[in-house]
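Subject: Structure handover

Hello,

Here is the structure you asked about, with notes on what was found in it. Please keep it open while you read.

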Amino acid sequence: MDTVIDPALLDPSGEESDLVALARVICDIPSVSGDEKALADAIEILLRGCAHLEVLRDGDALVARTNLGRDRRVVVAGHIDTVPIADNLPTRLVGEGDDAVLWGRGTVDMLGGVAVALALAVELGAPGSEPAHDLTWIFYDHEEVDSALNGLGRLARNHPELLRGDFAILGEPTDAGIEGGCNGTMRVELRTRGVAAHSARAWTGENAIHAVAPALARLAAYEPQSIEVDGLLYREGLNAVRIEGGIAGNVIPDACTVEVNYRFAPSRSVEDAEAHLREVFEGFDLVVTDAAGGARPGLDDPLAAQFVQSVLATTGGVPAPKYGWTDVARFSELGVPAVNFGPGDPLLAHKDDEHLPVAQLAQCRDALRAWLLGG
């Protein structure tokens, strides 16, 4: 039986409208990367019920657009997949009112932001709620895995016209603040070779695991930089994230692989990042397995500046850098200025104790709604 989202939860004029309940419904539909279909189906049914939206689907990515003839178009996007569930579904609501906290996978990264976007997609463009700009809402799959699988990237390849706009907002968690740009990311493998032998006669072999020790020592001693880009300070990082090697408990291993993840400031290109890693790991067999460039803040764009001024007047604070990689980078490549804005503490993303102060849902919805309506 198909999972459905009750439209009453999204009717701003109805007594049953409940943004928190909507977020819970969305989070409680498991949508680990590669398993987004059920949630995509539920969102599609809801969007196709809105007369003011043109809805298109590509795989498990959905695009819903208004066509009101406005001079400018704003894109609001968010991914519907999560990292694997860790005994943290179904969601739990703890506390009452504005002090309540919603616990569970996806509440922060980033189904809370998806709930905000979905509520506004249904509302804005309907009679009596005409936005100042035409709107494109994108709900996409496979963000939490290799960039080659990313649903937004697939849309850019298959239907680039659907991503066109004058400004884009990614609903990534920012604690209801605004985070500009994003770091780039690169994954490489350091590979060593040895000679297999019986561990009782180790001197006849060559231990490939031992051979990676100098690389691990370089990683332990590495001091990441903090680099200022257009007024925001981006913190870099270089870390081993996986190691594989060994055949059996009595065999000297003849191969070992260390996977390293590099998060680099948006002032560096992918080519700069690779050159830096080859310098750090000189003498090692290094293979790049995944890479995505970052995005500069872009806050000097007039529409971005208006958005920042409007939103921060409601939520407070000042713009900050986005340390993780997000799809603002894809919009940047397309020449569309983009920022990150959504509910949830980004430091809790991917953690087993992921949780969201529910007051941020309404705070983000109201701030975004006011700006989109021309406030």
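One definition is needed before the notes on helices and sheets: contact means that heavy atoms lie within 4.5 Å. Please also keep in mind that this is a predicted model.

The four-stranded sheet

One open sheet has four strands in the order β13-β15-β9-β16, and the pairing is antiparallel. Its edge strands are β13 (237–245) and β16 (285–292), each of which pairs on one side only. On average, neighbouring strands in this sheet are turned by 20 degrees against each other, with direction ignored.

Within this sheet, strand β9 (residues 184–193) runs antiparallel to β16, and seven bridges join the two. As one example, threonine 185 has alanine 292 in β16 as its bridge partner. Helix α5 (residues 213–221) lies across β9, β13 and β15 (255–264), and runs at about 155 degrees to β13.

The UniProt record, an unreviewed entry, annotates residues 184–282 as "domain: Peptidase M20 dimerisation". That span is 20% helix and 41% strand, and its end C-alpha atoms lie 22 Å apart.

The eight-stranded sheet

Another open sheet has eight strands with mixed pairing, in the order β1-β2-β6-β3-β7-β18-β8-β17. Strands β1 (54–58) and β17 (320–321) stand at the edges with a single partner strand each, so one side of each has no neighbour in the sheet.

At the β17 edge, strand β8 (residues 179–180) pairs with β17 in the parallel sense over two bridges. Glycine 180 has proline 321 in β17 as its bridge partner.

Two helices pack on this sheet. Helix α2 (residues 37–48) touches β1, β2 (61–65) and β6 (134–140), and its direction makes about 160 degrees with that of β1. Helix α7 (residues 302–315) touches β3 (73–79), β7 (167–170) and β18 (338–340), and its direction makes about 45 degrees with that of β7.

Glutamine 360

The last item is a single residue, glutamine 360, which lies in helix α9 (residues 359–372). Is glutamine 360 buried or exposed? Its relative accessibility is 11%. Buried means under 20%, so glutamine 360 counts as buried.

What does the side chain of glutamine 360 join in a polar contact? The partner is the side chain of aspartate 175, at 3.0 Å. Leaving aside neighbours within four places in sequence, glutamine 360 is in contact with Asp175, Ala176, Pro343 and Gly344.

Regards

Key:
Residues numbered from 1 in each chain as written. Predicted model: local features only at pLDDT ≥ 70, side-chain atom pairs only at ≥ 80, totals over all residues. Heavy atoms only, no water. UniProt positions renumbered as here; feature names shortened; annotations may be inferred. Buried < 20%, exposed > 50% of the residue type's maximum accessible area, 1.4 Å probe, protein only. Polar contact = N/O pair within 3.5 Å; in protein donor to acceptor, adjacent residues only side chain to side chain. Pairing = 2+ DSSP bridges. Axes fitted to C-alpha atoms, helices over the stretch in contact; angles between N-to-C directions.
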